Amino acid sequence: MLELVKVSKLFNPGTPDEKVALMSINLKFNPGDFVTVIGSNGAGKSTLMNIISGVMNPDMGEVLMEGHEIQQLPEHRRSRWVGRVFQDPMAGTAPRMSIEENLAMAYMRGKKRGLGWGVNAAKRVLFREQLQRLGIGLENRLNAKVGLLSGGERQALSLLMATFTKPQILLLDEHTAALDPARAELITRLTEEIVSELKLTTLMVTHNMEQAIRLGNRLVMMDKGRIILDIPEERKRSLTVSQLLGEFERISGHQLSDDRIVLG
Amino acid sequence: MLTSIYGAIALGLLFALMALGVYITFRILNFPDLTVDGSFATGGAIATVMITHGYSPWLATLGALGGGLIAGACTGLLHTKGKVNGLLAGILMMIALYSINIRIMGRPNVSVINMDTLLSPIKKPIGLYIAILLVAILLIKLLLDAFLHTDLGLALRATGDNSRMIRSLGSNTDTTTIVGVSLSNGLVAVSGALIAQDAGFADATMGVGIIVIGLASVIIGEAIIGTRTVFIATLAVILGSILYRIVVAFALRVPWLKASDLKLITASIVIVALVLPTVQRAFKQKSLARKRSLELAGVTAAGKGGKS
């Protein structure tokens, strides 16, 4: 399972713009954990995801995957463990390629890519089956270019591409924030279904406090590069949004300030 | 006239491989690679030198392919590992290749006139020549299409389409870029080798402006048959290359145009093809915005009128 040990990251070290992005973060995932993360702007939530996925390497500390240190591996060599859905619906799919070609690339996640056919009859059956689970009719449009899909459809496809190879850890980076409420609800529901069905260990950053409480079995609060609170399942179940905000203010000494925050 | 059209078609087919190479970098990888100006002549140089040294024309053309692959790989390495800007990486390799090509040839040009080349046994009659070239080029096109549908090919296409995504799916985009630029220049060099064998000589300056001709071919083809699938897009590039040669053949017959005006004409075609869609889009957007604003303003005005 994934574990972060004393992970630190500085931006622009030694310059007037120096900023602590992460400071001595310890975070251990239990198998099947679904952790939601909240925090102010610049609390280090996105940096945390980038450190896990390998977009950035930590300045100090270790990232352990099943006991192996992986903090120095580049992103493309960690992908077999890490599935990720970005906030921007455009980020997770290739617009000029078809739905089935996008899925074919996700199917090869972390495997050596050779000269075998990207899409063949057997894979097509599998893709159609997987797309059916989304329930939005994409299974009938395998050859459509992804650029023709709506933001919600693209995000649903991204979610499927991130999960259907059962990664060790699923990173959801505010993946419903750029969608309208109805589409956001659809993606949230699909996320819940897929995560519980595949028993994926998941880390989800969200600005939606109600969502942070309702989803998952653990809630982590971040501020100024630190984890200031880690709420376990039993306490999380009875938590309310106002309690959560009060708790944040009590520990950090300031209000949860975020220009995009949604109370739910 | 008819003979010059036949000649143009044959030439267009020989240049089509170069245009396919440009298509790989310019359209698939989204990487404006100028190495082609150098690697085209490299292909010609290697092929002619090997033929004059008595190697079989097949081997000589294969040698040209190898030279192009290496040249492209160098540009790819410069850009990805050396973090040199893509345009500059291509220009650097192009300039370096100019000297290398003269070194390969030992002098600024090499003639293979009256020697056996890949093309000399099939050049006549012209109809058969075109048929054989067409089959050969289409075969290479189909191989390229197939490659672009393999797992590696998909990763290569995604590198130009959404590199962040394909990295997160475990592909090393440095590698795919190098493979793509290398393959592109391999095709360009083979095209150069064929052109040299067709013309009977290779020259250090034979590649000057070739990138623009490649772009013109890609753009003309896309404008006419589109880019819906890879299969159609590569077909479009080949057709574009042939059409470009036909346009040139006609342009050369216009009395007040000189042969040396050709590069200006080519550049003009590319400029028009690049600028026109942008201007069109901006114009359309503006008129649509104005129309919608007027509509919306009309609705609000009506709403207010109703209230008072």
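**Chains A and B: a sheet, a bundle of contacts and an interface**

Good morning. Chain B has eleven helices and two strands. The model I am presenting is a predicted one, and I shall begin with chain B, then turn to chain A, and finish with the place where the two chains touch.

Let us follow chain B along its sequence. The pattern reads α-α-α-α-β-α-α-α-α-β-α-α-α. One strand therefore comes after four helices, and the pattern closes with three helices after the other strand, as α was defined for helices and β for strands. The C-alpha trace of chain B spans about 95 × 55 × 30 Å along its principal axes. How much of chain B is buried? Of its 308 residues, 48% are buried. The contacts within chain B can also be sorted by separation in sequence. If we take those between residues at least 6 apart, 78% of them join residues at least 24 apart.

I now turn to chain A. The UniProt record, an unreviewed entry, places the feature "domain: ABC transporter" at residues 2-249 of this chain. In the model, that span is 35% helix and 24% strand, and its end C-alpha atoms lie 29 Å apart.

Within chain A, I should like to consider one sheet. It is an open sheet of four strands in the order β2-β1-β4-β5 of chain A, and the pairing is antiparallel. Which strands form the edges? They are β2 (19-28) and β5 of chain A, each of which pairs on one side only. As a general reminder, strands of a sheet pair through backbone hydrogen bonds, either parallel or antiparallel.

Let us look at the individual pairings. Strand β1 of chain A, residues 2-11, is joined by five bridges to strand β4 of chain A, residues 60-65, and the two run antiparallel. Two residues of this pairing may be picked out: Glu3(A) has Leu64(A) as its bridge partner in β4(A), while Leu4(A) has Val63(A). Please note how the numbers run: the step from Glu3(A) to Leu4(A) is matched by a step from Leu64(A) to Val63(A).

On its way to the edge, β4(A) is joined by two bridges to β5(A), residues 68-69, again antiparallel. Here Met65(A) has His68(A) as its bridge partner in β5(A). What do β4(A) and β5(A) form together? They form a hairpin, with two residues between the strands. In the turn, Glu66(A) has a positive phi of about 50 degrees.

We come to the contact between the chains. It takes 26 residues from chain A and 20 residues from chain B. On the side of chain B that touches chain A, helices α6 and α7 (163-168) of chain B each supply at least two residues. The largest share, eight residues, comes from α6(B). By class, this side of chain B has seven nonpolar, eight polar and five charged residues.

One pair of helices deserves a closer look. Helix α3 of chain A, residues 99-107, packs against helix α6 of chain B, residues 151-161, at an angle of about 110 degrees, with the axes 10 Å apart. Angles of 65 to 115 degrees count as roughly perpendicular, and α3(A) and α6(B) are therefore roughly perpendicular to each other. Which residues make the contact? From α3(A) they are Glu101(A), Ala104(A) and Met105(A), and from α6(B) they are Leu154(B), Ala155(B) and Ala158(B). Five of these residues are nonpolar, none is polar and one is charged.

Thank you for your attention.

Notes
Residues are numbered from 1 along each chain as its sequence is written. Chains are lettered from A and ligands numbered from 1 in the order in which they are written. This is a predicted model: local features need pLDDT of at least 70, side-chain atom pairs count only at pLDDT 80 or more; totals for chains, interfaces and linings use all residues. UniProt positions are given in the numbering used here, feature names are shortened, and annotations may be inferred rather than shown by experiment. Two strands pair if DSSP finds at least two bridges between them. Axes are lines fitted to C-alpha atoms, for helices over the stretch in contact, and angles run from 0 to 180 degrees between N-to-C directions. Angles under 35 degrees count as roughly parallel, over 145 as roughly antiparallel, 65 to 115 as roughly perpendicular and the rest as oblique. Two residues are in contact if their C-beta atoms, placed from the backbone, lie within 7 Å. Ala, Val, Leu, Ile, Met, Phe, Trp, Tyr, Cys and Pro count as nonpolar, Asp, Glu, Lys and Arg as charged, and the others, Gly among them, as polar. A residue is buried if 20 or more other C-beta atoms lie within 10 Å of its own, exposed if 12 or fewer, and partly exposed in between; C-beta atoms are placed from the backbone.
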